[in-house]
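Got your viewer open? Here is a walk through the model, one selection at a time.

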Amino acid sequence: MGSTKILWAVVAALVVASCSKHKTQQVPTPVGVSTAPAPVTPVANNDDADRLSREEAMRREEARRMRDVLEQRVYFALDESTLDAQARTTLDGKTLALRTDPQIRLRIEGHADERGSVEYNLALAMRRARGVEQYLTGFGVASTRLESVSLGEERPAAPGHDEAAWSQNRRAEFRVQSSDARSAQ
């Protein structure tokens with residue numbers, strides 16, 4: 001019976017020892033610090049929302065840049081409707097933008113300065129608008145996506161009666177008629 005007592009004593013010692021290993025030590029909580037568990041936020045959802053927000057911001061920025069390209073004016077020399085090198089470069093940018101989004105339609109508004117008769121300026125402004133349209137269609141933009149109109153001298157971009165004002169008024173302006181590029185401002 002003595003060996004049974006020894007066996008029980010060893011078992012009891014092992015139980016006590018194993019219990020002491022699992023005992024957690026209490027660390028005092030500093031004053032003013034909450035012991036409540038922190039709220040759990042789903043990291044994946046925040047990352048997805050951030051990614052979608054960044055993508056939306058990038059889409060809006062791209063649409064704004066496209067609109068800026070599409071609305072950039074083209075200027076003409078006195079009594080001219082031919083496109084100079086700078087005008088062709090500006091129109092090349094429009095061509096790329098129009099190829100990017102086939103839903104975009106443009107209204108091309110031809111303008112003239114105040115010199116010349118009303119009839120002459122309306123005709124000159126139309127030649128300017130149609131010259132721009134021909135350039136764009138020559139690079140593959142469908143004519144059904146373009147509308148040319150003449151506004152003559154009726155809507156000057158710059159007030160004044162000197163060359164500085166007149167040079168700003170001899171122009172073609174562009175109005176985006178459809179697509180998301182229209183809404184980016």
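One cut-off before we start: a residue is called buried under 20% relative accessible area, exposed over 50%, and partly exposed in between. Keep in mind that this is a predicted model.

**The whole chain**

Colour the protein chain by secondary structure. You get five helices and four strands, and from the N terminus on they run α-α-β-α-β-α-β-α-β. Buried residues make up 29% of the 185 residues. Now switch on contacts between residues at least 6 apart in sequence: 76% of them join residues at least 24 apart. Finally, show salt bridges, and a search of the whole structure gives 17.

**Stop 1: Glu 56 and Arg 59**

Select this pair in helix H2, which spans residues 43–71. Their side chains meet in a salt bridge, 3.1 Å from N to O. The two residues sit about one helical turn from each other because they are three residues apart in the helix. How accessible is each partner? Glu 56 has a relative accessible area of 30%, so it is partly exposed, and Arg 59, at 48%, is partly exposed too.

**Stop 2: Arg 170**

Next, select Arg 170 with Asp 113 and Glu 163. Arg 170 forms a salt bridge with Asp 113, where the closest N and O atoms are 3.3 Å apart. Arg 170 lies in the loop between H5 and strand S4 (171–176), while Asp 113 lies in the loop between strand S2 (106–110) and H4, so this pair ties together parts that are 57 residues apart in sequence. Both Arg 170 and Asp 113 are buried.

Turn to the other partner: Arg 170 also forms a salt bridge with Glu 163, at 2.8 Å between the closest N and O atoms. Here the accessibilities are 5% for Arg 170, which counts as buried, and 41% for Glu 163, which is partly exposed.

**Stop 3: the cavity**

Keep Arg 170 and Asp 113 on screen and add a cavity surface. There is one cavity of 30 Å³ or more, with a volume of about 30 Å³. Arg 170 and Asp 113 are among its lining residues, which also include Leu 78, Asp 79, Tyr 120, Asn 121 and Arg 128. Arg 115 belongs to the lining as well, and it leads to the next selection.

**Stop 4: His 161**

His 161 and Arg 115 are 46 residues apart in sequence, with 9.2 Å between their C-alpha atoms. You will find His 161 in the loop between S3 and helix H5 (163–169). Is it buried or exposed? At 63% relative accessibility, His 161 counts as exposed. Leaving out residues up to four places away in sequence, it touches Glu 114 and Trp 166. With Glu 114 there is a side-chain polar contact of 2.7 Å.

**Stop 5: Arg 145**

Move to the loop between helix H4 (118–138) and strand S3 (146–150) and pick Arg 145. What is the nearest side chain of opposite charge? That is Asp 101, 5.9 Å away, and Arg 145 has no salt bridge although it is buried. Look at the backbone instead: the Arg 145 side chain reaches the backbone oxygen of Asp 101 at 2.9 Å. Beyond four places in sequence, Arg 145 is in contact with residues including Leu 98, Pro 102, Ile 104 and Leu 106.

**Last stop: a charged network**

Finish by selecting Arg 73, Arg 107, Glu 109, Glu 147, Arg 171, Glu 173 and Arg 175, which are linked in a network of salt bridges.

How values were computed:
Residues are numbered from 1 along each chain as its sequence is written. This is a predicted model: local features need pLDDT of at least 70, side-chain atom pairs count only at pLDDT 80 or more; totals for chains, interfaces and linings use all residues. Side-chain values use heavy atoms; hydrogens and water are left out. Buried means under 20% relative accessible area, exposed over 50%, partly exposed in between (1.4 Å probe, protein chains only). Lys and Arg count as positive and Asp and Glu as negative; His and the chain ends are not counted. A salt bridge is a side-chain nitrogen of Lys or Arg within 4 Å of a carboxyl oxygen of Asp or Glu. A polar contact is a pair of N or O atoms within 3.5 Å; within protein, one must be able to donate a hydrogen and the other to accept it, and residues adjacent in sequence count only if both atoms are side-chain atoms. Contact means heavy atoms within 4.5 Å. On a 1 Å grid over the protein atoms alone, a cavity is a set of points where a 1.4 Å probe fits but cannot get out, and a pocket is an open set with protein on both sides within 12 Å along at least five of seven lines; lining residues have an atom within 4 Å of a point. Grid points are joined across faces, edges and corners, and a volume is the space filled by probe spheres set on the points.
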